Each structure stands twice: as C-alpha cells, then as structure tokens.
Amino acid sequence: MLSIDPSKRSSLERRICDGDLVIVYERHDKIKAVRVQKGSDFQNRFGVFKHSDWIGKPFGSKVLSNKGGFVHLLAPTPELWTLVLSHRTQILYLADISFVISYLEVVPGCVVLESGTGSGSLTTSLARAVAPSGHVYTFDFHEQRASLAREDFERNGMSSLITVTVRDIQDAGFPDEFCGAADSVFLDLPQPWLALPSVRRMLKQDGVLCSFSPCIEQVQRSCEVLGAGFTDIRTFEVLLRSYEVREERMIGTEGVQDSPVGSLPRKRRQCISRDVNNDSKEITTTTSTIIARPCRETKGHTGYLTFARLACS
C-alpha cells in the first residue's frame with residue numbers, strides 16, 4: 001500500500017523495490033496483485049515479464065515483455081485493492097465506500113469500530129482515512145474469515161492501522177474497553193438492530209453510525225430501534241452509472257463540390273483517408289471522433305446505507 005507519510009503520497013515519487021506489492025494492470029477488466037521478487041517472472045498472454053526489470057521503476061510505469069507486449073505497474077491503493085481482493089463475502093465497492101467514509105466523518109486520528117470484516121474492502125479504505133494516528137478495530141464472528149483478512153492486511157501493508165478480532169457483535173456486542181471511545185461505527189450484519197444498544201455505549205458524544213443492509217425490511221427494523229437514542233436518521237441507496245470513453249472511426253461521403261448539405265462539422269474533418277470515386281463524383285472520408293456511452297454492464301442495487309447520529313444526552 002502507498003506510504004501513509006503525507007510527504008510521500010504521490011506514487012510517482014516512489015520506485016518499486018524488491019518485496020513490494022504492485023497492481024499489474026493488463027486491461028480494464030483484468031488486474032492482479034503481484035509481490036515483486038527478484039528472479040521471478042509474471043506471465044500472461046502478452047508474454048513473460050521479469051520482476052528484475054520492474055525494480056527501480058516508478059509506480060505507473062509501462063513495462064514490456066519478451067514478446068513486446070506491455071502492462072502497467074500501479075501502486076496498490078485501497079481503490080485498486082477492492083478490485084483484486086479475494087471475495088470471501090459480498091463486498092462494498094467504491095461508490096458505497098466513498099459515501100460511507102464521507103457521512104461517517106472519518107478523518108485522520110479517528111477510532112472506528114466495524115462489524116463484520118468480511119473480505120476487508122471497506123476496512124482497507126477506512127484505515128487509509130484514519131491514518132496515520134487513528135485505528136480501525138474490525139470484528140467478524142467467522143474465525144477463518146478473520147484470519148484470512150488479517151493476512152490480507154499484512155500483505156497490503158495496513159496491519160499497523162487495523163486490529164482484527166473474532167467476536168459475534170450481534171450476540172455479545174462490542175468489548176467494554178471501547179465504551180465512549182469510538183468516533184464512528186459501521187455495521188454489516190444480518191440483524192443490525194440487535195447490536196444498536198452496544199453501539200450507543202461505544203460512540204463518543206455526537207458520534208455517527210452507519211448500517212449496511214441489502215434488504216429494505218432490515219432498514220425498517222433498524223430505524224425503529226434507532227428512534228431511541230439516535231437522531232438525524234437517514235437512508236440512502238447509491239447507484240453508480242459508468243461511461244466508457246473511446247475513439248472510433250466513422251466513414252462518410254462528401255460531394256466533390258462544396259455543399260452545405262451533409263458536410264461534416266469542421267471539428268471532425270481530420271481525414272485519415274480520402275478516396276475519390278470518379279463515376280459518382282463523391283469522396284469517401286474516414287474520420288475519428290471521441291464517443292462516450294454508458295457501459296453495457298451497469299451495477300445496480302448493492303444495499304441500503306442507514307446513518308444516524310448519537311443524540312446528545
């Protein structure tokens with residue numbers, strides 16, 4: 001993961017070292033996390049890439065294979081980590097994550113409690129948001145899942161900011177040691193209303209809660225319980241529509257004599273080729289233009305985000 005030192009935020013200022021984790025960008029729908037090891041190589045359909053050629057290059061570099069193919073080496077930001085991590089459970093994606101961090105008012109130095117950890121997608125972004133002096137305490141009832149998440153945080157360099165604990169928050173609540181210490185709490189539980197009494201004790205004065213639920217019935221039940229002890233209760237559904245922007249070639253015909261009818265706009269008259277048909281007195285033109293259109297696969301509903309603020313006593 002990128003250094004959390006504010007003076008070294010730019011990935012362009014960092015060069016890849018032996019042992020670093022890099023995100024190998026093959027194409028928009030295929031990226032991988034790779035640990036750089038001198039003497040090792042990475043293979044794909046573009047050829048063989050030697051790790052020794054990567055060492056010393058800045059993040060963002062384009063590197064060539066033995067066949068002349070190429071990939072880009074990107075810094076492992078939380079956004080990219082979300083796209084490459086192992087999906088042990090349903091994960092939160094970037095649209096929901098950014099909304100959660102904004103509405104939870106997570107800033108450097110905050111103490112955040114999370115249940116459950118799952119695949120660690122949100123946890124990683126929370127850790128970057130609280131760095132360098134804050135901490136994320138995340139809980140999951142599933143021991144193997146918690147162990148795998150802990151290994152992932154070691155792998156992506158965030159373990160110093162995250163503590164993973166095996167605990168059933170719905171049944172046992174958060175540990176008493178966090179009473180009045182949490183700036184924010186995030187819940188991703190099948191029955192979040194069972195944990196709300198514990199959340200009230202954990203939050204600091206004016207602290208904020210977020211509960212993620214895939215079904216509206218869970219939201220309704222939670223809001224009923226939130227009425228006691230919480231204020232400013234709001235629920236959102238974040239829907240993201242992506243567009244793809246690319247260059248396309250368009251073929252058209254023009255009369256030999258200038259005519260205002262059917263002529264191409266001035267900005268699109270950069271011809272790649274011009275073929276004159278003497279019989280029809282027409283010129284065939286090939287032009288390039290930038291097209292923006294909605295992606296064919298648009299992610300729909302992921303879940304509902306319910307926020308509430310601890311009422312002043």
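This note covers one pocket and four backbone features of the structure.

1. The model is predicted, so local features need pLDDT of at least 70, side-chain atom pairs count only at pLDDT 80 or more, and totals for chains, interfaces and linings use all residues. Residues are numbered from 1 along each chain as its sequence is written, and side-chain values use heavy atoms, with hydrogens and water left out.

2. The second largest pocket (an open set of points on a 1 Å grid over the protein atoms alone, where a 1.4 Å probe fits, with protein on both sides within 12 Å along at least five of seven lines) has a volume of about 450 Å³, taken as the space filled by probe spheres set on the points. Its lining, meaning residues with an atom within 4 Å of a point, comprises 28 residues, and Thr89, Gly116, Gly118, Asp188 and Leu189 lie nearest the centre. Two or more lining residues come from each of β7 (111–115), α4 (121–130), β8 (135–140) and α6 (169–172), where helices (H or I, at least four residues) and strands (E, at least two) are DSSP runs numbered from the N terminus.

3. Two cis peptide bonds deserve a check: Ser115 to Gly116, with omega near 0°, and Ala131 to Pro132, with omega near 5°. Gly116 lies in the loop between β7 and α4, while Pro132 is found in the loop between α4 and β8.

4. Glu105, in the loop between α3 (94–103) and β7, has a positive phi of about 60° although it is not a glycine. Asp232, in strand β12 (residues 230–236), likewise has a positive phi, near 50°.
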